[in-house]
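Please examine the structure below with attention to its charged side chains. The report that follows treats their pairing and their exposure.

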Amino acid sequence: MKAPLDLDQLQTFVSIVDTGSFTRAAEAVHRTQSAVSMQMRRLEERIGKPLFEKDGRTNRLTEEGDRLLSYARRLLFLNRETLAAFDDRRLEGTIRIGTPDDYADRFLPEIMARFARSNPRVELTVICEPTPGLVDHIKRGNLDLALVTHSDAHGQSEVVRREPLLWVTSANHATHEQDTLPMAFGRPNCIWRRAAVDVLDRQNRDYRILFTSFSATVITAAVLSGLAISVLPECALRPGMRVLGDADGFGALPDCRIGIMRGQTSRPEIVDALARHISESLDNISVPLGEDTGSFDFPAFAFSKTKRTRPNQISPGW
């Protein structure tokens with residue numbers, strides 16, 4: 001039977017990836033650079049595969065190293081979760097978190113499940129509103145933490161995930177072929193709406209805004225029924241949607257940046273713990289849209305790396 005992996009070596013490995021160099025990783029894990037290099041040699045011997053390769057004067061992950069990274073993060077996360085479950089000093093109290101409903105639908109199950117297992121004495125109060133409302137709640141002291149769509153105009157947020165913003169239509173209708181495009185958007189202060197309108201105006205496309213709502217459910221319903229076209233981040237794609245691209249006459253959109261905003265709180269340790277859980281969860285979650293057909297195994301894809309959605313791809317059922 002093979003010996004188990006060394007968690008200290010995995011922690012150093014993750015630190016190298018996160019900091020971008022062996023030198024900065026050595027400072028992060030409080031070891032010498034030679035000790036870090038020795039740890040990585042031993043980890044490579046244990047895995048039986050090279051984890052780094054030279055790229056000029058820097059090191060980059062090999063394909064095997066990239067595969068190991070997701071496993072390493074999971075093992076380290078589970079280690080912290082296990083220790084927290086037996087810590088009599090573990091956190092307790094209440095924390096107020098806000099998120100738009102499309103992020104809640106895709107990300108909250110993973111975030112809440114993991115956080116609750118690690119911190120069973122912490123009560124989560126969750127509200128769902130569009131980003132502008134959440135920013136206002138943060139400023140008024142009504143929320144401790146918010147998962148928002150990052151915008152420079154909204155103030156500081158820590159970006160924890162980046163996804164493509166996509167044009168979407170119904171896979172069962174030719175809505176995008178109409179001379180005047182019917183559109184479904186969030187309210188006028190929605191940054192996705194402004195980005196989409198800017199692209200349409202630059203392309204001199206005729207359109208009319210048929211539906212306006214702060215609810216992602218309403219926007220999704222308008223798209224799936226073939227009544228309108230919209231723009232959504234990759235995480236919000238649903239079965240029966242088709243992604244539109246240049247070949248369909250739809251120009252590129254800016255990426256969607258998902259960030260964490262922190263409010264003034266008397267329990268910063270709980271906020272820090274939840275923010276860490278969110279960042280780690282979003283780093284590992286992938287969108288289950290890597291193939292053109294088939295269904296998906298939810299337990300399996302949570303930590304997998306899938307291909308990015310392509311124009312004209314139709315999202316399958318799951």
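Arg96 has a relative accessible area of 28% and is therefore partly exposed, whereas its partner Asp144 is buried at 5%; buried means under 20% relative accessible area, exposed over 50%, and partly exposed in between (1.4 Å probe, protein chains only). This is a predicted model, in which local features need pLDDT of at least 70 and side-chain atom pairs count only at pLDDT 80 or more, while totals for chains, interfaces and linings use all residues. Residues are numbered from 1 along each chain as its sequence is written, and side-chain values use heavy atoms, without hydrogens and water.

Side chains of opposite charge can pair when their charged atoms come close. A salt bridge is a side-chain nitrogen of Lys or Arg within 4 Å of a carboxyl oxygen of Asp or Glu. The whole structure contains 10 salt bridges, including those tabulated here.

| Salt bridge | Closest N to O distance |
|---|---|
| Arg73 and Asp18 | 2.8 Å |
| Asp144 and Arg96 | 3.0 Å |
| Arg140 and Asp136 | 2.8 Å |

The bridge of Arg73 and Asp18 links distant parts of the chain, for Arg73 lies in helix 4 (residues 63-85) and Asp18 in helix 1 (residues 7-19), 55 residues apart. Helices (H or I, at least four residues) and strands (E, at least two) are DSSP runs, numbered from the N terminus.

Arg140 and Asp136 are both in helix 6, 4 residues apart, and so about one helical turn separates them. Arg140 is exposed at 60% relative accessible area, while Asp136 is partly exposed at 34%. Elsewhere, salt bridges with shared partners join Glu158, Arg262 and Asp272 into one network.
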